[in-house]
Amino acid sequence: MAPRHTPDADSGDTAPASNQPAHVQESAHAQEADRPRTAYERRGGPVQQRAIRIIGPIASVMAIAMFVSYIPQIMNNLDGHKTNPLQPFVTMINCTLWTIYGLWRPKRDWPIAVANMPGILFGALAAVTGL
């Protein structure tokens, strides 16, 4: 927190409103800046926290729905109407990387990992059946 300032009568500048010497105030300000921020401070206020709690699960469900939408493509591939396997192959690689990222973080990020696991399966099936 920055110190309050009051006008300095001689120079027109502002000076700290504290009785402490400037180097002590600067040291306290540096300590405040070096202090690790809490999760609440890093992520914003209550509105942002609520938005994260709402958007996260919706995004996870939509990701899974996106990957499940490969089922008609897989069925067409199996019926002989082959499609280009490049896009589902890239999806499989992308989802594999996101799953690894979610699982290898120091604090596992299960929503990211779980939301991308179906993409590995359905991307692989769509790519293989499209060959």
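**View 1. How much of the chain is buried, and how is it built?** Of the 131 residues in this chain, 21% count as buried. The model is a predicted one. Its secondary structure comes to 6 helices and 2 strands. If you read along the sequence, you meet them in the pattern β-β-α-α-α-α-α-α. Now take the contacts between residues at least 6 apart in sequence: 51% of these join residues at least 24 apart.

**View 2. The largest nonpolar core has 8 residues.** Look for Ala 63, Phe 67, Tyr 70 and Ile 74, then for Cys 95, and finally for Ala 115, Phe 122 and Ala 126; together they make up this core. Which elements give two or more residues to the core? They are helix H3, residues 46–68, and helix H6, residues 110–129. The largest share, 3 residues, comes from H6. Keep H6 in mind, as the next views return to this helix.

**View 3. Ile 74 belongs to the core and touches several residues further along the chain.** Set aside the neighbours of Ile 74 within four places in sequence, and its contacts are Phe 122, Leu 125, Ala 126 and Thr 129. Two of these partners, Phe 122 and Ala 126, are core residues as well.

**View 4. Helix H4 packs against H6.** Two packed helices are described by the angle between their axes and the distance between the axes. For H4, residues 71–78, and H6, the angle is about 25° and the axes are 9 Å apart. Why is H4 called roughly parallel to H6? Angles under 35 degrees count as roughly parallel, so H4 is given that description. The crossing of these two helices is left-handed. On the H4 side, the contact is made by Ile 71, Gln 73, Ile 74, Asn 77 and Leu 78. H6 brings Phe 122, Leu 125, Ala 126 and Thr 129. Sorted by class, this contact of H4 with H6 has 6 nonpolar residues, 3 polar residues and no charged ones.

**View 5. Helix H5 also packs against H6.** Here H5, residues 86–104, meets H6 at an angle of about 155°, with the axes 7 Å apart. Because angles over 145 degrees count as roughly antiparallel, H5 is described as roughly antiparallel to H6. H5 passes H6 in a left-handed crossing. Among the H5 residues in this contact are Pro 88, Phe 89, Met 92, Cys 95, Trp 98 and Tyr 101. From H6, the contact includes Trp 110, Ile 112, Asn 116, Met 117, Gly 119, Ile 120 and Ala 126. By class, the contact of H5 with H6 has 15 nonpolar and 7 polar residues, and no charged ones.

**View 6. Ser 60 and Val 68 both have their place in helix H3.** Is Ser 60 buried or exposed? Its relative accessibility is 18%, so Ser 60 counts as buried. Leaving aside neighbours within four places in sequence, Ser 60 is in contact with Pro 111 and Ala 115. You have already met Ala 115 as a residue of the nonpolar core. Val 68 has a relative accessibility of 35%, so this residue counts as partly exposed. Now find Gly 119, which is 51 residues from Val 68 along the chain. The C-alpha atoms of Val 68 and Gly 119 are separated by 7.8 Å. Gly 119 also appears in the contact of H5 with H6.

Notes
Residues numbered from 1 in each chain as written. Predicted model: local features only at pLDDT ≥ 70, side-chain atom pairs only at ≥ 80, totals over all residues. Heavy atoms only, no water. Core = buried A, V, L, I, M, F, W, Y, C linked by side-chain atoms within 4.5 Å. Buried < 20%, exposed > 50% of the residue type's maximum accessible area, 1.4 Å probe, protein only. Helix = DSSP H or I, 4+ residues; strand = E, 2+ residues; numbered from the N terminus. Contact = heavy atoms within 4.5 Å. Axes fitted to C-alpha atoms, helices over the stretch in contact; angles between N-to-C directions. Parallel < 35°, antiparallel > 145°, perpendicular 65-115°, else oblique. Left-handed = near helix turned anticlockwise from the far one by under 90°. Nonpolar A, V, L, I, M, F, W, Y, C, P; charged D, E, K, R; others polar.
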